[in-house]
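Reader: I am new to this structure and would like to look closely at one part of it before turning to the rest. Could you take me through it slowly, once I have it before me?

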Amino acid sequence: MSPSQFGQYDDKEIVIIHDDEERFLECYVENEINYQGNKYLLLMPVDSTIIILTDDVVDEDDPDSTETVIVEDDEEIDAIFDDAKAVLGELNLSLKRSGISLTASGELPPEEDDDIISLELDDEEEGLEVEELQFLASFYSLEQRYDICTPLAPILLIGEQKSSSKVTLFNPDKPELQGIVGELLLDFNDDD
């Protein structure tokens, strides 16, 4: 599918959201609200979100003290991308360097209890959060092990479409705009 600004797929509208580096991510429109001439969209990526984990040494004096971290550094992702793509290719998944996050197209393997891992995330505002991930594969690169996973819960993004047709990631820096996020999510949860 070529990246067009808007499209239809399975009766859901698809939009393209761009990141700061002009990479794009195709998303289904799950909900939308118009407010003061702008359109705010609740979006779900079309392809599966991919998270790459590795162990990071916490204490330089004790190399055995490690913690699992999400690989977010663009240079590290660039260095391991081809290896990760090859490993996912063995599962008939195609890894993409999409905007916002890595994604993979293709059918995910069935969830099995042995493949579910819990990752504790420390959020400054919300405290400790646990995210469940489906383990897909592991590989070695740069002399360390990497695990490729996908979140079990759907990843939701908020997009903003101003008068131009370009959709960008929404950052509710004004307190009065934070209510938009709640309203989009409330209407989305009511549809379930």
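Is Glu30 buried or exposed, and why does it count as such?

Author: Please keep in mind throughout that this is a predicted model. Glu30 counts as buried because its relative accessibility is 15%, and buried means under 20% relative accessible area. Glu30 has its place in strand 3, which covers residues 24–35, and its side chain makes a polar contact with the side chain of Lys12, at 2.9 Å. Cys27 is buried as well, because its relative accessibility is 0%, and Cys149, with a relative accessible area of 0%, is likewise buried. The structure holds 0 disulfides.

From this residue we can turn to the nonpolar interior. In soluble globular proteins, nonpolar side chains tend to be buried together. The largest nonpolar core here has 18 residues, and those with the most contacts inside it are Ile50, Ile52, Leu88, Leu95, Leu102, Phe139 and Ile148. At least two residues of this core come from each of strand 5 (48–59), helix 1 (74–89), strand 8 (102–105), strand 10 (127–141) and strand 11 (144–151), while helix 1 gives the most, with 6 residues. Leaving aside residues up to four places away in sequence, Ile148 touches a list of residues that includes Ile50, Ile52, Ala84, Leu88 and Phe139. A second, separate core has 9 residues, among them Leu41, Leu43, Leu157 and Val167.

Ala84, which lies in helix 1, lets us follow these contacts from the other side. Ala84 counts as buried because its relative accessibility is 0%, and, with residues up to four places away in sequence again left out, Ala84 touches Ile52, Leu95, Phe139 and Ile148. The C-alpha atoms of Ala84 and Ser138 are separated by 8.2 Å, although these two residues are 54 residues apart along the chain.

The last feature to consider is the largest pocket, which holds about 1,200 Å³ of space. Its lining is made up of 39 residues, and those nearest its centre are Glu72, Ile100, Ser101, Ile155 and Leu157. Strand 5, helix 1, strand 9 (116–123), strand 10, strand 12 (157–161) and helix 2 (175–191) each supply at least two residues of this lining, and strand 5 gives the most, with 4 residues. Leu157 is thus named both in the second core and among the residues nearest the centre of the largest pocket.

Methods:
Residues numbered from 1 in each chain as written. Predicted model: local features only at pLDDT ≥ 70, side-chain atom pairs only at ≥ 80, totals over all residues. Heavy atoms only, no water. Core = buried A, V, L, I, M, F, W, Y, C linked by side-chain atoms within 4.5 Å. Buried < 20%, exposed > 50% of the residue type's maximum accessible area, 1.4 Å probe, protein only. Contact = heavy atoms within 4.5 Å. Disulfide = S-S within 2.5 Å. Polar contact = N/O pair within 3.5 Å; in protein donor to acceptor, adjacent residues only side chain to side chain. 1 Å grid on protein atoms, 1.4 Å probe; cavity = no way out; pocket = protein on both sides within 12 Å on 5 of 7 lines; lining within 4 Å. Points joined across faces, edges and corners; volume = space filled by probe spheres on them.
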